[in-house]
Amino acid sequence: MRLAILDHGHGIGTKALFAFIRAVSRQPTPEVVKLIMYLPDFFGTYMKKVTHEAMRGPSAWSVGDRELMAALVSQTNKCEFCIKAHTAVAVRAYRDEAKVSAALADLDTAAIEEPLRATLRMLRKLTREHAVDANDVRAVLAAGVSREQIEDALAVFFAFDTINRLADAFEFFVPGPKAFEAGAKFLLARGYR
Amino acid sequence: MSNIRDARKALVTRILEGDGKAAHTQRRAAFDNAGLAGPLSSLINKVTTDAYQVGDEDIAAARAAGLTEDQIFEIVVCAAVGQTTRQHDTALAALQAATEKE
């Protein structure tokens, strides 16, 4: 973490919570939790509402689909912490590691549903090129994706494109696979609240 | 359908208009990635283009320019949310255009 305040600047109650998390999970406190809990009235409380609604709010997309979208946006942004975190959640949500690995390795050939593939392509372009146009969206609609589903996918983009930037700017520590397993279990049970 | 519209608005309003350690003008400039000078402009440019390229030297330069860690935290948050908001708006406008002409 490049800012010492994000490691050590939290209040006493929050530090006690971090100690509890470490004791229960037997893993270091995830850096994203440190970010969200630092001056939460400035950023974290508001960001959690956006993220929980995008990832767990009502949607025709499954939780696994939305976690895969989060992993793909993170992959496009080259954000190692977030790729690993949301790949782990998607694998757990789908109970299908091969599907997630294939989609992230080669979106064009992966054995996934066409509406999901078209949506992931649009998200990748939006993340990489910072814009999409009406023709990009029409291709997604033509694949059978509803307007509402597109809006839901864009909400996932909003949450993770923001967090990717912060994870890399502040340099989140990237722990081992067991820590991401523990994180995935927590996020599936509790969401982002 | 999920609906982040209100939550997104509340987030943006809070970071730009609420209390903070960084000046409102500085937070707004970071959000817009416009009007920032010197070492901060390099940091904010990286946050808004390829954030994985931010290095220790960018944060060190912001500190050397006299900013506290809290101010750097707020300014980087504003830059990240601002850039993502612009991209999100572009996509929502494309969705609007694509569905209007159907």
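## A walk from B:I72 to the nonpolar core

Start by selecting B:I72, which sits in helix α5 (residues 69–100) of chain B. Bear in mind as you click around that this is a predicted model.

Is B:I72 buried or exposed? Buried: it has 24 other C-beta atoms within 10 Å, and the cut-off for that label is 20 or more. Now show its contacts, skipping residues up to four places away in sequence: you should get B:I59, B:A62 and B:L67 from chain B, plus A:L3 from chain A. For a distance check, pick B:T25 as well. B:T25 and B:I72 are 47 residues apart in sequence, and their C-alpha atoms are 14 Å apart in space.

Next, stay in chain B and move to B:V76. Which residues does B:V76 contact, leaving aside its neighbours within four places in sequence? Highlight B:V47, then A:L166 and A:A169 over in chain A.

B:V76 is also a good way into the largest nonpolar core, which has 90 residues. Together with A:V156, B:V76 touches the most other members of that core. So where does the largest share of the core come from? Select helix α10 (residues 147–170) of chain A, which supplies 14 residues.

Now zoom out to the whole of chain A. In cartoon view you'll find eleven helices and zero strands, so the pattern along the sequence reads α-α-α-α-α-α-α-α-α-α-α. Draw a box along the principal axes and the C-alpha atoms fill roughly 55 × 30 × 30 Å. The radius of gyration is 17 Å, which agrees with the value near 16 Å for a compact globule of 193 residues. Colour by burial and 46% of the 193 residues come up as buried. If you plot a contact map, look away from the diagonal: among contacts between residues at least 6 apart in sequence, 71% join residues at least 24 apart.

Last stop: a helix pair in chain A. Two packed helices are described by the angle between their axes and the distance between the axes. Select helix α5 (residues 63–76) and helix α7 (residues 97–105) of chain A; their axes come within 10 Å and cross at roughly 35°. The crossing of α5(A) and α7(A) is right-handed. Turn on side chains for A:L68, A:A71, A:L72 and A:Q75 on α5(A), and for A:V100, A:A103 and A:L104 on α7(A), since these residues make the contact. Colour them by type and you get six nonpolar, one polar and no charged.

Methods: Residues numbered from 1 in each chain as written. Chains lettered and ligands numbered in written order. Predicted model: local features only at pLDDT ≥ 70, side-chain atom pairs only at ≥ 80, totals over all residues. Helix = DSSP H or I, 4+ residues; strand = E, 2+ residues; numbered from the N terminus. Rg over C-alpha atoms; globule rule 2.2 N^0.38 Å. Buried ≥ 20, exposed ≤ 12 C-beta atoms within 10 Å, placed from the backbone. Contact = placed C-beta atoms within 7 Å. Axes fitted to C-alpha atoms, helices over the stretch in contact; angles between N-to-C directions. Left-handed = near helix turned anticlockwise from the far one by under 90°. Nonpolar A, V, L, I, M, F, W, Y, C, P; charged D, E, K, R; others polar. Core = buried A, V, L, I, M, F, W, Y, C linked by C-beta atoms within 7 Å.
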